[in-house]
Every structure is written in C-alpha cells, then in structure tokens.
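Notebook open, coffee poured. I want to go through this one feature by feature and write down what I look up.

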Amino acid sequence: MIRRDMPSVLGIEKACFEFAWNEDDFIRCLRQRNCIGMVAEKDDEIVGFMIYELHKNRLHILNFAVHPDHRRDGVGNSMCSKLFGKLSHERRNRIMLEVRETNLDAQLFFKSLGFRAISVLRDFYDDTVEDAYLMQYRYQPNASEIAQPGNRISRMAG
C-alpha cells in the first residue's frame with residue numbers, strides 16, 4: 001500500500017463499513033514501524049486491502065476489506081494466504097483480529113479459513129457499545145518442522 005492507493009482504499013473502506021477509518025487513521029497506523037499495508041489488485045484496480053501489525057510471536061490484522069463488487073472472487077482468500085505464508089513454527093505462529101459482533105459475514109469468512117473465536121471483548125469499540133469477537137488462527141506445523149531443532153544455533157552446529 002502506497003500513498004497513491006489511498007483514494008481507492010478509502011472508497012472501499014466507506015463502501016464496507018458503517019464506522020469507517022478516515023485517511024488520518026490509515027496514515028497514523030502505517031507510520032508505525034511494525035505496521036504493514038497490503039492491497040489486492042484485479043486488472044490494475046484495487047479491490048481489497050489489509051492492514052496488519054507484526055509482533056514478536058503473532059500477526060494482528062487491524063483492518064481488512066474487499067470491495068462489495070469483488071467479494072466471493074477469492075480476493076480475501078488470496079490476502080489471507082499471503083499472511084499464512086508469513087507464519088512459522090519457530091517465530092510468528094498465529095494471526096489475531098477483532099470482528100464486530102454484528103459483522104456475521106466477516107465472522108463466517110474468517111471461520112471458513114480456520115480462525116476461531118477465542119473470547120468476547122465487551123464494549124470494544126469507541127464509536128458504539130458493540131462487543132467484538134477476538135478471533136485467532138494458529139499455524140499448524142508439519143511433521144518435518146516439528147522434528148527440526150528449535151533454534152538457529154543448533155541448526156548451524158548440526
């Protein structure tokens with residue numbers, strides 16, 4: 001996500017959310033060192049975006065949207081696949097996000113990808129008294145990853 005993407009991103013944000021982020025919200029977030037913005041394009045048009053934070057042992061999705069005209073086209077799956085590729089057995093092994101209790105479409109979408117609701121965050125949002133579900137995806141290592149030594153020093157010594 002770069003500066004010239006912002007008009008398209010803001011258009012998708014407004015089309016998708018009643019309580020949309022404004023440009024300052026995006027810029028404030030993206031200026032943080034651990035915050036990454038990603039856009040999804042189809043035929044040179046931005047059709048979705050995601051903003052996430054990198055933490056020591058997890059990724060945290062802060063904002064995720066696909067333009068209503070491009071839902072169920074695999075755009076959201078593609079963006080999540082990129083994130084899943086950043087997970088590993090040794091380092092970042094889960095993805096977290098909050099979903100509004102009234103956003104059933106998002107809950108079902110993330111559930112279909114293997115996310116699970118792990119808690120309810122009461123009165124989570126500043127703009128309403130609405131609760132949120134904290135959802136989590138856990139990386140599942142394959143057998144060869146589990147069998148490998150757990151740190152770089154032992155791999156180099158072996």
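These are my entries, roughly in the order I made them.

**Overall layout**

I am working from a predicted model. I started with the secondary structure, and the protein chain comes to 6 helices and 6 strands. Reading along the sequence, I get the pattern α-α-β-β-β-α-β-α-β-β-α-α. The C-alpha trace spans about 55 × 35 × 30 Å along its principal axes. I also looked up burial: of the 158 residues in the protein chain, 36% are buried.

**Strands β3 and β4**

I looked at this pair of strands next. β3 and β4 run in the parallel sense, paired over 3 bridges. For histidine 60 I looked up the bridge partner, and in β4 it is methionine 96. How much of β4 is covered? Mostly covered is my note, with 6 of its 7 residues buried. β3 covers residues 59–66, and β4 covers residues 94–100.

**Largest pocket**

I pulled up the largest pocket and noted about 1300 Å³ of space in it. The lining has 42 residues, and the closest to the pocket centre are Phe17, Asn63, Phe64, Glu98 and Asn103. Then I asked which elements give two or more residues to that lining. My list reads α1 (6–16), α2, β3, α3 (75–84), β4 and α4 (104–112). Which element gives the most? That is β3, with 7 residues. By residue class, the lining divides into 19 nonpolar, 10 polar and 13 charged.

**Salt bridges**

Opposite charges on side chains can pair when the charged atoms come close. I searched the whole structure for salt bridges and got 6. I wrote up three of the pairs.

Arginine 28 and aspartate 25 meet through their side chains at 3.4 Å, N to O. Both sit in helix α2 (residues 23–30), 3 residues apart, which is about one turn of the helix. Arginine 28 counts as exposed because its relative accessibility is 52%, over the 50% cut-off. Aspartate 25 has a relative accessible area of 22%, so I put it down as partly exposed. That value is not under the 20% that buried requires.

Aspartate 131 and arginine 122 form another salt bridge, with the closest N and O atoms 2.7 Å apart. Is each partner buried or exposed? Aspartate 131 is buried, because its relative accessibility is 13%. Arginine 122 is exposed, with a relative accessible area of 62%. I also noted a network here: salt bridges that share partners join Arg100, Asp127 and Glu130 into one.

Two members of that network, glutamate 130 and arginine 100, meet in a salt bridge at 2.9 Å, N to O. This pair links distant parts of the chain, 30 residues apart. Glutamate 130 is in the loop between β5 (116–121) and β6 (132–138), while arginine 100 is in strand β4. I checked burial for both, and glutamate 130 and arginine 100 are each buried.

**Cysteines**

How many disulfides are there? The search of the whole structure finds 0. Cysteine 16 is in no disulfide, and the nearest cysteine sulfur belongs to cysteine 80, 14 Å away. I looked up cysteine 35 as well: its relative accessible area is 7%, so it is buried.

**Positive phi**

Most residues other than glycine have a negative phi. I noted two residues that go the other way. Arginine 72 has phi near 65 degrees, a positive value in a residue other than glycine. Arginine 72 lies in the loop between β3 and α3, and it is exposed because its relative accessible area is 80%. Aspartate 123 has phi near 50 degrees, also positive and also not a glycine. Aspartate 123 lies in the loop between β5 and β6. At 48% relative accessibility, aspartate 123 counts as partly exposed, because exposed needs over 50%.

**One last distance**

I finished with alanine 15, whose place is in helix α1. Alanine 15 has a relative accessible area of 44%, so it goes down as partly exposed. From alanine 15 to arginine 28 is 13 residues along the chain, and their C-alpha atoms are separated by 21 Å.

Methods
Residues numbered from 1 in each chain as written. Predicted model: local features only at pLDDT ≥ 70, side-chain atom pairs only at ≥ 80, totals over all residues. Heavy atoms only, no water. Salt bridge = Lys/Arg side-chain N within 4 Å of Asp/Glu carboxyl O. Helix = DSSP H or I, 4+ residues; strand = E, 2+ residues; numbered from the N terminus. Buried < 20%, exposed > 50% of the residue type's maximum accessible area, 1.4 Å probe, protein only. Disulfide = S-S within 2.5 Å. 1 Å grid on protein atoms, 1.4 Å probe; cavity = no way out; pocket = protein on both sides within 12 Å on 5 of 7 lines; lining within 4 Å. Points joined across faces, edges and corners; volume = space filled by probe spheres on them. Nonpolar A, V, L, I, M, F, W, Y, C, P; charged D, E, K, R; others polar. Pairing = 2+ DSSP bridges.
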